[in-house]
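Here are some short exercises to work through at your own pace. Try each task before you read its solution.

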Amino acid sequence: MNGQRALLVVAGLAGMLGVAMAAAGAHVPGGERLGTAGNMAMAQAPALLALGFFVPATAILMTISAWAIALGLVGFAGALAFHTLTGNPALSFIAPIGGTTMMIGWLGVAVSALVQKRR
């Protein structure tokens with residue numbers, strides 16, 4: 001495995017774990033440090049992804065993974081924002097679905113990096 005590919009694997013895993021740690025930090029009593037670790041992982045994942053990016057735009061798994069991350073973010077952040085801004089928890093059930101979708105997307109980035117064939 002070359003260095004670029006390894007960075008993409010790390011970026012995918014950092015993103016997935018960042019989402020998981022941030023969610024756990026929000027739910028575990030005294031989990032502020034875990035939340036901070038999740039935020040740090042999420043801050044680093046895009047940088048690692050940018051540094052290691054080499055997959056052609058036609059790579060279907062990477063494209064699907066990117067959209068999963070984007071849609072998951074909308075669901076996760078949108079549900080939290082809606083609850084915070086309106087005080088209505090009606091859409092709160094969407095947050096874990098969005099978080100799970102982001103984790104699947106980030107894992108897809110890692111898998112895509114592992115299976116992508118070089119030209």
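Buried means under 20% relative accessible area, exposed over 50%, and partly exposed in between, using a 1.4 Å probe and protein chains only. This is a predicted model, in which local features need pLDDT of at least 70, side-chain atom pairs count only at pLDDT 80 or more, and totals for chains, interfaces and linings use all residues. Residues are numbered from 1 along each chain as its sequence is written, and side-chain values use heavy atoms, with hydrogens and water left out.

**Exercise 1. Describe the chain as a whole.**

Step 1: begin with the secondary structure, where helices (H or I, at least four residues) and strands (E, at least two) are DSSP runs numbered from the N terminus. The chain has four helices and zero strands, in the order α-α-α-α.

Step 2: turn to burial. Of the 119 residues in the chain, 33% are buried.

Step 3: look at the surface, using accessible areas from the Shrake-Rupley method with a 1.4 Å probe. About 7000 Å² is exposed, and carbon and sulfur atoms supply 74% of this area.

Step 4: check the contacts, meaning heavy atoms within 4.5 Å. Among contacts with a separation of 6 or more, 71% join residues 24 or more positions apart.

**Exercise 2. Compare the settings of S112 and A43: is each buried or partly exposed?**

Step 1: find S112 in helix α4, residues 94-115. S112 has a relative accessible area of 2%, so S112 is buried. Leaving out residues up to four places away in sequence, S112 touches L61 and M62.

Step 2: find A43 in helix α2, residues 32-52. A43 is partly exposed because its relative accessible area is 47%. Its C-alpha atom lies 8.5 Å from that of G18, a residue 25 positions away along the chain.

**Exercise 3. Work out which helices build the largest nonpolar core.**

Step 1: recall that a nonpolar core is a set of buried Ala, Val, Leu, Ile, Met, Phe, Trp, Tyr and Cys residues joined through side-chain atoms within 4.5 Å.

Step 2: the largest such core has 13 residues, and M62, W106 and V109 have the most contacts inside it. At least two residues come from each of α1 (3-27), α3 (60-86) and α4. The most come from α1, which gives five.

**Exercise 4. Examine α4: what is its reach, and which residues are buried?**

Step 1: the expected span is 1.5 Å times one less than the number of residues. With 22 residues, α4 reaches 31 Å from its first C-alpha to its last, close to the expected 32 Å.

Step 2: the buried residues of α4 include G98, G99, M102, G105, W106, G108 and V109.
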